[in-house]
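I opened my notebook on a structure I had not seen before. I wanted to know what sits inside it and what holds its parts to one another.

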Amino acid sequence: MHIPESLQDLADSEAVQFLKRPKTILRIFAGVFSLIVFSSVLTDGFQNKTDSSKLHCVLNGNDVACSFAVGAGLPAFLSCLGFLALDAHEGRIASTRFKTAVQLLDFILAVLWAGVWFVGFCFLTNQWQHSSPKQFLLGSSSAKAAITFSFFSIFVWIFQAYLALQDLRSDAPVPYKRSLDEGGVVLTTLSPPSAASPINMPAAGPNSLSYTSSALSPYLTTPKVPRLAMMPDN
């Protein structure tokens, strides 16, 4: 099947290659899952009971559970957007220290969010199990969606932490690397020649100096005594 040149160029573009990266895919999934969690709780998470007009959280009437879902989902969604923007401009970051700091922050936040979603999943599940099925007319589907995608978010953030750790290991700056390289070059230059690689000595001649003669100390050479010229008698 022949692919048009324009579609091939589109597939090879930087935007498509960026979207195909595992890190980008995980960030998109994490952002979507976080969006589902807090939006489902905000829309249908607060309902009134059959005998009251006051709004309560559908998770066992515990407002802390709904507030936790919203408070965890919204910052996680914003952090995904922020790191997506940083990943898109990663090639333009010239400072190695700033890039390392971003990667370290990415790893720390991924580990923290994995822990937060684990705690949130356990907390929301516990509150839903203690909820009466006929206590609220609506909101059960929203509660189930929040619990389900909280569970999925745990593994997504764990994988993000793993990728961030791999980036730290691969891009970690090596201290004194330039000095070590330069020292290796100096040691290689000053090392004595081996038998396998003899040095081609220049041919000795009346107007040429050999390596041995130039390397001798001036104190080892015998000074020449000036000759006295005899003057003839008149």
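My entries below go through the annotation, the salt bridges, the cavities and the aromatic rings.

**Ground rules.** I am working with a predicted model, where local features need pLDDT of at least 70, side-chain atom pairs count only at pLDDT 80 or more, and totals for chains, interfaces and linings use all residues. Residues are numbered from 1 along each chain as its sequence is written, and side-chain values use heavy atoms, with hydrogens and water left out.

**Annotation.** I looked up the UniProt record, an unreviewed entry. It marks residues 24-42, 62-86, 107-126 and 146-165 as "transmembrane region". Such annotations may be inferred rather than shown by experiment. I checked two of these stretches for helix (a DSSP run of H or I, at least four residues, numbered from the N terminus). Residues 107-126 are 100% helix, with end C-alpha atoms 29 Å apart. Residues 146-165 are also 100% helix, and their end C-alpha atoms are 28 Å apart.

**Salt bridges.** How many salt bridges does the structure hold? I found 3, taking a side-chain nitrogen of Lys or Arg within 4 Å of a carboxyl oxygen of Asp or Glu. Asp167 meets Lys23 at 2.5 Å, N to O. That pair links helix H6 to helix H3, 144 residues apart. Next I took Arg27, which bridges to Asp87 at 2.6 Å. Arg27 lies in H3 and Asp87 in H4, so this pair ties together parts 60 residues apart in sequence. Asp106 also forms a salt bridge with Arg27, with the closest N and O atoms 2.6 Å apart. Here H5 is linked to H3, across 79 residues. Arg27, Asp87 and Asp106 thus form one network through shared partners.

Are these residues buried or exposed? I used relative accessible area with a 1.4 Å probe and protein chains only: under 20% is buried, over 50% exposed, and in between partly exposed. Arg27 is buried at 2%. Asp106 is buried at 6%, Asp87 at 8% and Lys23 at 11%.

**Cavities.** I then searched for cavities (sets of points on a 1 Å grid over the protein atoms alone, where a 1.4 Å probe fits but cannot get out; lining residues have an atom within 4 Å of a point). The count is 2 of 30 Å³ or more. The largest has a volume of about 120 Å³, meaning the space filled by probe spheres set on the points. Its lining has 13 residues, with Lys23, Asp87, Glu90, Val102 and Gln103 nearest the centre. H5 gives the most to that lining, with 4 residues. By class I noted 5 nonpolar, 1 polar and 7 charged residues; Asp, Glu, Lys and Arg count as charged.

The second largest cavity has a volume of about 30 Å³. Among its lining residues are Lys23, Arg27 and Asp106.

**Aromatic rings.** Last, I searched the whole structure and got 10 aromatic pairs. Rings of Phe, Tyr and Trp (its six-membered ring) pair if their centres lie within 6.5 Å; planes under 30 degrees apart are stacked, over 60 edge-to-face, the rest tilted. Trp113 and Trp157 have ring centres 6.1 Å apart and planes at 35 degrees, so the pair is tilted. Trp113 is in H5 and Trp157 in H6, so the pair ties together parts 44 residues apart. Trp113 is buried at 12%, and Trp157 is buried at 3%. I also noted a cluster of ring pairs linking Phe29, Phe33, Phe121, Phe149, Phe151, Phe152 and Phe155.

How values were computed:
Helices (H or I, at least four residues) and strands (E, at least two) are DSSP runs, numbered from the N terminus. On a 1 Å grid over the protein atoms alone, a cavity is a set of points where a 1.4 Å probe fits but cannot get out, and a pocket is an open set with protein on both sides within 12 Å along at least five of seven lines; lining residues have an atom within 4 Å of a point.
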